[in-house]
Amino acid sequence: MYKNIYLKKGKDESLMRFHPWVFSGAVHHTDEGIEEGDIVNVVTAEGKFVGIGHWQIGSIAVRMLTFGDSPASVEIWRSRLLSALNVRRAIGLADNPDNNTYRLVHGEGDNLPGLVVDIYGKTAVMQAHSVGMHMCRAELAEALMEVMDGRIDNIYYKSETTLPFKAELGQENGYLYGGDGDNIATENGLKFHVDWLKGQKTGFFVDQRDNRSLLEKYSHGRKVLNMFCYTGGFSFYAMRGGALSVHSVDSSAKAIELTRKNVALNFPGDKRHEAFCDDAFKFLDAADGQYDLIILDPPAFAKHRGALHNALKGYSRLNGRAFEKIQSGGILFTFSCSQVVTKDNFRNAVFTAAAMAGRRVRILHQLHQPADHPINIYHPEGEYLKGLVLYVE
């Protein structure tokens, strides 16, 4: 039997529209003895049962799991994971011999708030962003093995850096099932090494798959600069697309090492590619008219609303430098993965950069996250990846 949290009067309106978060300011009081990570009943001021969710400390007090019913958590995991798999099969990602890399669970977008699961061949990398999902990791892993039905052999749990540090969980990353799986995965026929042990996120940026494919179509005969390259995803797509040259830049020596390995895996001995460990702005300063296709895919400039103003200045400065350096007739792929930066915010920052640089710029494409990173229609905050493809005269 779950304990109750009671809402203030009138604070159930967003829940009536199935928004999956209860903010701390909406909570009137709680039953005694509730601990972070517990599943709780959410009850209105009038005593009406709304649904169940994970209780946590912070601005988001409850992440809703169900509305209007209260099944056992094990049954929730099984049914939601199966639903997520069916979506990936419907969009042609799961069970695709040319692509064994995809996001199986995208938090609120798959009605499993606080949980991310990425698939790399026979290994699932599971990541909790809430204490509640962390507490349920064993049940989740068991349900995942059952639902995937032989598609995976390993589950690696990687949540050291994503759980609230104040929870003091002493969490360590490690395998929940299997271990030491092959770390070479395939995306659209291209192979790459995945460092889920020490790499960023779950080991690879799965969310740029469709945008990498688009870049491939623009790469033929061009001199390409891939800034913030991380593992080199855009770089080896550009090479397959027929780029004359591809330069990959990242401030992390480990990322550059992995980029070189990934390029060699697909194009051994190919002299078109060079990788540089350098600061983005310093490298762009020295790149006078050398490139006619530039990719800007920086890490999140703003992780909370208070950093928005400085983030937008950062995007304008970075894109301005690219506008100054790119050849006439060049193509710029530019992105923001900051959730608090809206599409309009980002577009205005890039507009400012173009105006300051005095370049004529046309928007060719407006990009976003792929279908395996779905957005719950009741949770617009789930739309985080924004991108523009620009033609620069």
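This is a short conversation about a sheet, a loop glycine and a pocket in a predicted model.

Biologist: Let's begin with the sheet. In what order do its five strands run?

Modeller: The order is 7-8-9-10-11, in an open sheet with mixed pairing. Strand 7 (101-106) and strand 11 (174-177) are the edges; each has a single partner strand, so one side of each lacks a neighbour in the sheet. From one strand to the next, the twist averages 25 degrees.

Biologist: In which sense do strand 9 and strand 10 pair?

Modeller: Parallel: residues 123-128 of strand 9 and residues 154-157 of strand 10 are joined over four bridges. For a spot to look at, take threonine 123, which stands opposite asparagine 154 in strand 10.

Biologist: Now the loop. Where is glycine 150 found?

Modeller: Between helix 4 (137-148) and strand 10. Exposure has a middle class, from 20% to 50% relative accessible area. Glycine 150 comes out at 47%, so we call it partly exposed. Its C-alpha atom is 8.8 Å from that of lysine 122, 28 residues away along the chain.

Biologist: And pockets: how do I read those?

Modeller: The general idea is that rolling a probe the size of a water molecule over the atoms shows where empty space is left. Here, the second largest pocket has a volume of about 220 Å³.

Biologist: Which residues lie nearest the centre of the second largest pocket?

Modeller: Asn183, Val194, Asp195, Leu197 and Lys261, out of 13 lining residues. The lining has five nonpolar, three polar and five charged residues. Helix 7 (residues 253-266) gives the most to that lining, with four residues.

Terms used: Residues numbered from 1 in each chain as written. Predicted model: local features only at pLDDT ≥ 70, side-chain atom pairs only at ≥ 80, totals over all residues. Heavy atoms only, no water. Pairing = 2+ DSSP bridges. Helix = DSSP H or I, 4+ residues; strand = E, 2+ residues; numbered from the N terminus. Axes fitted to C-alpha atoms, helices over the stretch in contact; angles between N-to-C directions. 1 Å grid on protein atoms, 1.4 Å probe; cavity = no way out; pocket = protein on both sides within 12 Å on 5 of 7 lines; lining within 4 Å. Points joined across faces, edges and corners; volume = space filled by probe spheres on them. Nonpolar A, V, L, I, M, F, W, Y, C, P; charged D, E, K, R; others polar. Buried < 20%, exposed > 50% of the residue type's maximum accessible area, 1.4 Å probe, protein only.
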